[in-house]
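Reader: I would like to go through this model with you, taking a helix, the cysteines and the surface in turn.

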Amino acid sequence: MEYGNGTENGIGKSNGISNGHGIGDGHGNGYVNGNGKVNGEKVKKMKPMDSEVLREQGHIMVDFIADYYKNLEDSPQDFPVLSQVQPGYLRDMLPDSAPDHPEPLKELLDDVSKKIIPGLTHWQIPSYFAYYASSTSVAGFLGEMLSAGLSVVGFTWLTSPVATELEVIVLDWLAKLLQLPDHFLSIGNGGGVIQGTGCEAVLVVVLAARDRIMKKVGKTSLSQLVVYASDQTHSSFRKACLVGTTSSAAVDPLVPLGKIAKSYGIWMHVDAAYAGNACICPEFRKHIDGVENADSFNINAHKWLFANQTCSPLWVKDRYSLINALKTNPEYLEYKVSKRDEVVNYKDWQISLSRRFRSLKLWMVLRLYGAKNLRNFIRDHVNLAKHFEDYVAQDAHFEVVTTRYFSLVCFRLAPVDGDEDKCNERNRELLATVNSTGKIFISHTVLSGKFILRFAVGAPLTEEKHVNEAWRIIQKHASIHNKKY
């Protein structure tokens, strides 16, 4: 098929993209994707999902994305890691209203290159070291593509049996890789569910914990309920008792915490969104020792297990605590099925009704890479972080602030004469200066009143040369600030 008024005015030959508004076969025998005619032929209605159009445009889109990743590696100077645009930049570049007639894909992709990409912070570029990574992979991308293409909504077993059953199986696979206790597997009262994000996982377990305790003490005690968390717990906690240290990737003492929680009947949730992924490696598994006393546990597979946004597996010891807190039974969702007690309806494990077929991409990641390769890739990131940490430790102007367990290094310019206020100011200035170069992007946190710089390795394309260059940039600008002070 050709796009346009029966002309060849775009990419390729008869399968090119033109500057017209119709879809034809090059001979005037096609149809128009909107209003108008093709060489005098009668207008036909738009066909939103045409297999041949999908085939053609899908190839073009895959090429566009592949070129983007290649350019991130080959020409990083053309892509400032942290977007340099100003707020509101896009409004002046786009029309005030949507088009009445279809526009060619080539024109749209030109706009992506000129108007959209400049507004991106490039999370996948090798010199991205901020926050935690949003890991991508070919397998994850293909899984997303397949999920989008099949476009099922698996809120009950009936609405797509395989969407439910694959999720149950894949989360058992992953639980075994993490060596989670058997009570988190689907063979008993526990089981797993893929939430969109760690924030959603935290919210649903807080609701389940609240529901469970209120059954014991009564709803009138609601105002007396208490949730305990550390000062480094994820920000979602402030919106929704969990364990987790987002700022510094420190490791909480799960064994004693679990014993205390168990003795008082407290629901303990372990939020291992980032570091939990590393626990598929035997040498890091010790960091979640004590998880057997937890009521729930989650990781973000899109952070460090290359499952692409969004994919947050959550396991619970007692699925019925979750279901009882979230279950709804409107008549229009009722259905009859044999072995009803064995059927999982994931709508009752989450806040929303609709849900995507996320298990596909996790299944594809595990199958196309295998556990051995995933472990080695995580180890490579940890080694790169250690490499950066060694640089910091060898420079007397800097200090490593917290123990590094995984691929996050917390560091700062060291205080001079014990002046913490001035030290904080210097580190703020260094952060702003380094990020303004567009060559790397790092983030920060505050620990015990100290302004700390965070260097997190996790982008899929990062290699040792990128870590070396990042340190060179940081050290260069630090020396300028040291002269200033």
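Reader: Which residues of H5 are buried?

Author: This is a predicted model, in which local features need pLDDT of at least 70 and side-chain atom pairs count only at pLDDT 80 or more, while totals for chains, interfaces and linings use all residues. Residues are numbered from 1 along each chain as its sequence is written, and side-chain values use heavy atoms, with hydrogens and water left out. Taking buried as under 20% relative accessible area, exposed as over 50% and partly exposed as in between (1.4 Å probe, protein chains only), the buried residues of H5 are Gly 198, Ala 201, Val 202, Val 204, Val 205, Val 206, Ala 208, Ala 209, Asp 211 and Met 214.

Reader: Which residue follows H5, and what is the sign of its phi?

Author: Helix H5, a DSSP run (H or I, at least four residues, numbered from the N terminus), covers residues 198-217. The residue that follows H5 is Gly 218, and its phi, near 95°, is positive.

Reader: Why does Cys 281 form no bond with the closest cysteine sulfur?

Author: A disulfide is a covalent bond between the sulfur atoms of two cysteines, and here the term is applied to a pair of cysteine sulfur atoms within 2.5 Å. Cys 281 is buried, because its relative accessibility is 0%. The closest cysteine sulfur belongs to Cys 279 and is too far for a bond, the distance being 8.4 Å.

Reader: How many disulfides does a search of the whole structure find?

Author: When the whole structure is searched, the number of disulfides found is zero.

Reader: Is Val 62 buried or partly exposed?

Author: Val 62 lies in helix H1, residues 51-74. Because its relative accessibility is 34%, Val 62 counts as partly exposed.

Definitions and conventions:
Helix = DSSP H or I, 4+ residues; strand = E, 2+ residues; numbered from the N terminus. Expected span 1.5 Å × (residues − 1).
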